[in-house]
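The following note sets out points for a colleague who has the coordinates at hand. It moves from particular residues to the overall form.

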Amino acid sequence: MLFANHSDAKFTLLNDYDDSDKQELGTGSVELKLEKDSKNRVKITKPGYQPIIKEYNKDLKWDKEQRITLDTRQVDITAEPFDAEIYVDGRMIGTKAIYLYIQKDRFLTVEVKKPGFSTVSKVYYNQPDKETPPMKDHFTLKDRQVRLEVQPADANVATNGVTLGRGNQDIKIPFGDCVTTTVTKEGYVNFEKVFCNKEGDPEPPIRDKAVLEDRLVKITTAPNDAAIEIGGKRVGNGSYDLKVAKNSCVEIRVSKDGFVRYIKNYCNQTNMQEPPVTDFLELAVDEAYTSSVSSDLANVRITVPVKAGIAPEEAWKILSSIITGYFDILETVDYNTGYLTTAWQVQNFQSSIIRTRVIVSTGGNTDQIAYAVKLISQEAFLDGKNQVTVKDDEKFQDWARILKKYDGLIQEIQARLQ
């Protein structure tokens with residue numbers, strides 16, 4: 001008599017030379033008559049359990065009661081795509097479909113993998129205090145996965161703002177969705193790319209690279225409102241994130257009235273010093289600025305009428321006397337034409353050269369004597385590379401300021417001649 005531990009377990013007599021069914025015997029328990037010259041092979045089955053095959057040779061002595069225990073669970077596993085690999089506890093078992101057998105009081109982990117797809121896994125238990133495993137289970141790989149290789153190797157990777165970690169990462173793209181992947185590292189311009197897993201869109205790549213090559217310098221200045229310029233265009237005040245493309249250099253200029261202009265080059269080239277992650281640029285006080293005053297009288301012709309009663313010779317004498325009080329050398333003096341020029345007077349400062357001169361010519365109408373006085377004030381910046389002399393006219397530009405020692409010249413001329 002054969003007894004199964006499940007009342008609905010099915011007994012089937014098998015052929016001797018293959019596993020094909022010969023005769024159904026019953027369920028739960030059956031009486032088996034042993035045939036001579038037969039293996040008397042019996043298969044005991046129940047859905048969700050691994051079948052058991054027993055042989056009862058008539059020539060051997062058997063107990064009248066034979067008990068068969070079905071306790072190994074069976075799960076029919078199928079997977080899509082059909083070439084996806086099915087792993088059990090880390091060992092590749094097959095593709096498309098497998099039978100999973102879980103022994104009593106044990107558990108197994110199933111993983112379904114395919115390059116370019118996010119791995120799906122599940123744990124199956126055959127334990128009394130755990131969920132009963134299903135008879136069948138189907139895995140469908142729909143979420144895509146991109147293996148992202150990053151350089152530098154310690155760059156940080158995030159998707160949709162959530163940090164994944166440093167270095168190479170697997171980017172998961174849920175079915176029907178897109179994710180924004182960002183790769184960051186201090187001192188580099190961020191890498192950003194969107195991967196999509198939507199019907200009708202191109203499939204995301206199995207592997208991709210994110211190479212951070214362009215450098216980023218976070219610049220701050222003192223004073224904190226100094227103007228920052230690149231290529232003659234103002235890009236910020238006090239702070240700026242400077243991008244330096246691979247194999248290029250960028251020159252920035254930092255300036256503010258009253259301070260020495262700061263010029264610096266940042267290069268992202270082989271065999272050149274790497275740009276810093278941050279840079280603090282502190283401007284030195286401009287002595288030329290503190291030694292001068294802002295004036296709307298600089299570099300403009302000021303007509304000074306001579307007060308009636310002052311003879312031309314006397315007016316010329318007064319004018320010449322005032323000018324020589326400020327300037328040591330007169331370069332041109334012509335009373336007949338009423339033309340006078342001084343030589344350039346030069347004052348050197350840390351960052352610039354200031355040159356100043358006066359030009360006088362006759363002006364006004366014929367009814368009244370008048371002189372046109374022009375106080376020329378010009379500045380040339382020193383770049384530390386090339387020398388600047390007072391004769392380098394192309395390097396000087398009009399300066400809307402006057403050195404303090406010349407500040408009262410125009411006013412004195414006006415006061416004494418008018």
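**Notes on the predicted model**

1. Asn40 is buried, its relative accessible area being 2%, a value that falls under the 20% limit for that class. The structure under review is a predicted model, and the remarks below should be read accordingly. Asn40 sits in the loop that runs between strand E4 (29-30) and strand E5 (41-45). Its backbone deserves a look, since Asn40 has a positive phi of about 50 degrees although it is not a glycine.

2. Asn271 also has a positive phi, here about 70 degrees, and is likewise not a glycine. The loop that holds Asn271 connects strand E27 (262-268) with strand E28 (278-282). Is Asn271 buried or exposed? Asn271 is exposed, with a relative accessible area of 78%, whereas Asn40 is buried at 2%.

3. A further asparagine, Asn160, belongs to the loop between strand E16 (156-159) and strand E17 (162-166). Asn160 is partly exposed, and its relative accessible area is 48%; the class of partly exposed residues ends at 50%. Which residues does Asn160 touch, leaving aside those up to four places away in sequence? They are Cys178, Val179 and Thr180. Asn160 and Cys178 are 18 residues apart along the chain, and their C-alpha atoms are separated by 9.3 Å.

4. Two cis peptide bonds should be noted. One runs from Glu80 to Pro81, with omega near -5 degrees. Pro81 lies in the loop that follows strand E8 (73-80) and leads to strand E9 (85-88). The other runs from Ala222 to Pro223, with omega near 5 degrees. Pro223 is placed in the loop between strand E22 (215-222) and strand E23 (227-230). In each case the residue before the proline is the end of the strand: Glu80 for strand E8 (73-80) and Ala222 for strand E22 (215-222).

5. The largest pocket has a volume of about 390 Å³. Its lining comprises 17 residues, and those closest to its centre are Ser255, Lys256, Asp257, Glu379 and Phe381. Strand E26 (248-255) and strand E35 (370-381) each contribute at least two residues to this lining. What is the make-up of the lining by class? There are nine charged, five nonpolar and three polar residues.

6. The protein contains three helices and 37 strands. Its radius of gyration is 48 Å, well over the 22 Å that the globule rule gives for 418 residues, so the protein is more spread out than a compact globule. Along the principal axes, the C-alpha trace spans about 160 × 40 × 35 Å.

7. Of the 418 residues, 39% count as buried, and Asn40 is buried too. The accessible surface of the protein comes to about 24,400 Å², with 45% of it belonging to carbon and sulfur atoms. Considering contacts between residues at least 6 apart in sequence, 51% join residues at least 24 apart.

Notes. Residues numbered from 1 in each chain as written. Predicted model: local features only at pLDDT ≥ 70, side-chain atom pairs only at ≥ 80, totals over all residues. Heavy atoms only, no water. 1 Å grid on protein atoms, 1.4 Å probe; cavity = no way out; pocket = protein on both sides within 12 Å on 5 of 7 lines; lining within 4 Å. Points joined across faces, edges and corners; volume = space filled by probe spheres on them. Helix = DSSP H or I, 4+ residues; strand = E, 2+ residues; numbered from the N terminus. Nonpolar A, V, L, I, M, F, W, Y, C, P; charged D, E, K, R; others polar. Rg over C-alpha atoms; globule rule 2.2 N^0.38 Å. Buried < 20%, exposed > 50% of the residue type's maximum accessible area, 1.4 Å probe, protein only. Contact = heavy atoms within 4.5 Å. Areas by Shrake-Rupley, 256 points an atom, 1.4 Å probe, with all protein chains shown as cover.
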